[in-house]
Amino acid sequence: MKLYSLPHSPYAARVRMQARLDSLPVQVLPPPVPLRTEAFFERFPLGKVPVLELDGGETIAESWAIMEYLAETQVAGGSPLVPVDALERAQMRMVGRYADLHLAVNALFPLFRAAMGGCDVDAGAMASALRGELLKGERLLSGLAVGRSLNLGDIALAPTLLYLQELAPAVGMADPLQGFPQLQTWWDWVNSIDAVSETLQEVRVAYHAFVESMVAKA
Ligand SMILES: N[C@@H](CCC(=O)N[C@@H](CS)C(=O)NCC(=O)O)C(=O)O
């Protein structure tokens with residue numbers, strides 16, 4: 001199987017983490033045709049990475065769909081990254097949805113657009129939105145932060161939180177996890193797992209290189 005990935009992509013990082021954790025036979029490659037071209041959309045209708053290409057040529061986009069496919073098909077007896085218990089599985093999906101539909105939509109995307117030179121940046125409003133979204137995570141993870149196995153929800157959340165820590169200083173939050181002890185405990189825990197911290201470090205390095213290239217172009 002081939003995983004089309006970009007090193008700075010938080011979404012591709014999820015699948016790379018999973019591949020490391022579950023020792024999956026996945027070859028990580030850059031996209032075979034340039035992003036944002038007609039050729040890319042023709043081959044990969046959703047127009048984004050990550051994309052998993054199976055040995056038969058079928059493709060799957062959307063990180064969550066890829067992760068569930070891999071977890072269901074590639075580990076005999078089921079991946080340990082998906083809880084057997086239905087409630088724990090629902091909690092796993094809830095954390096994944098929190099990362100994508102709350103934290104990313106309401107806090108990360110506005111910060112990212114601002115960092116990329118968006119106009120009318122209201123730093124105070126962005127910091128306040130970020131605090132509000134982190135407070136949701138703080139409450140959500142209370143009781144889910146420690147004493148259990150890592151799951152796909154954690155893998156989905158970790159790269160999003162990494163990006164928020166990279167971008168929050170621009171709106172005056174040098175340490176966005178300060179004041180959110182559950183989130184901090186969770187962050188320390190996931191970072192104590194090598195496959196997670198190594199993948200996050202790849203994302204961090206690639207993001208810094210990306211920022212430097214933007215500065216050089218400006
Ligand atoms: N919901 C998608 C998001 C994927 C996504 O946004 N990927 C970005 C890279 S981080 C991308 O491919 N962007 C292409 C573009 O902006 O043209 C997922 O979970 O896979």
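**Exercises on domains and ligand site**

In this predicted model, the protein is divided into domain 1 (2–73) and domain 2 (86–217).

**Exercise 1.** Determine how far apart the C-alpha centres of domain 1 and domain 2 lie, and how many residues of each domain are in contact with the other.

*Solution.* Begin with the centres: a distance of 21 Å separates the C-alpha centres of the two domains. Next, consider the interface, where 15 residues of domain 1 are in contact with 26 residues of domain 2.

**Exercise 2.** Identify the pocket in which the ligand sits, and describe by class the shell around the ligand.

*Solution.* The ligand occupies the largest pocket. The residues around the ligand are Ser9, Pro10, Tyr11, Arg36, Gly47, Lys48, Val49, Pro50, Glu62 and Ser63. Sorted by class, this shell comprises four nonpolar, three polar and three charged residues.

**Exercise 3.** Find the polar contacts that the side chains of Arg36, Glu62 and Ser63 make with the ligand, then state what share of the ligand's accessible area the protein covers.

*Solution.* Apply the cut-off for a polar contact, a pair of N or O atoms within 3.5 Å.

1. For Arg36, a side-chain N or O atom is 2.6 Å from an oxygen atom of the ligand.
2. For Glu62, a polar side-chain atom lies 2.8 Å from a ligand nitrogen atom.
3. For Ser63, the distance from a side-chain N or O atom to an oxygen atom of the ligand is 2.7 Å.
4. Of the 520 Å² of accessible area that the ligand has on its own, the protein covers 79%.

Notes. Residues numbered from 1 in each chain as written. Predicted model: local features only at pLDDT ≥ 70, side-chain atom pairs only at ≥ 80, totals over all residues. Heavy atoms only, no water. Near = heavy atom within 4 Å. Polar contact = N/O pair within 3.5 Å; in protein donor to acceptor, adjacent residues only side chain to side chain. Areas by Shrake-Rupley, 256 points an atom, 1.4 Å probe, with all protein chains shown as cover. 1 Å grid on protein atoms, 1.4 Å probe; cavity = no way out; pocket = protein on both sides within 12 Å on 5 of 7 lines; lining within 4 Å. Sits in = over half its atoms within 2 Å of the grid points. Nonpolar A, V, L, I, M, F, W, Y, C, P; charged D, E, K, R; others polar. Domains from an automatic or database assignment. Contact = heavy atoms within 4.5 Å.
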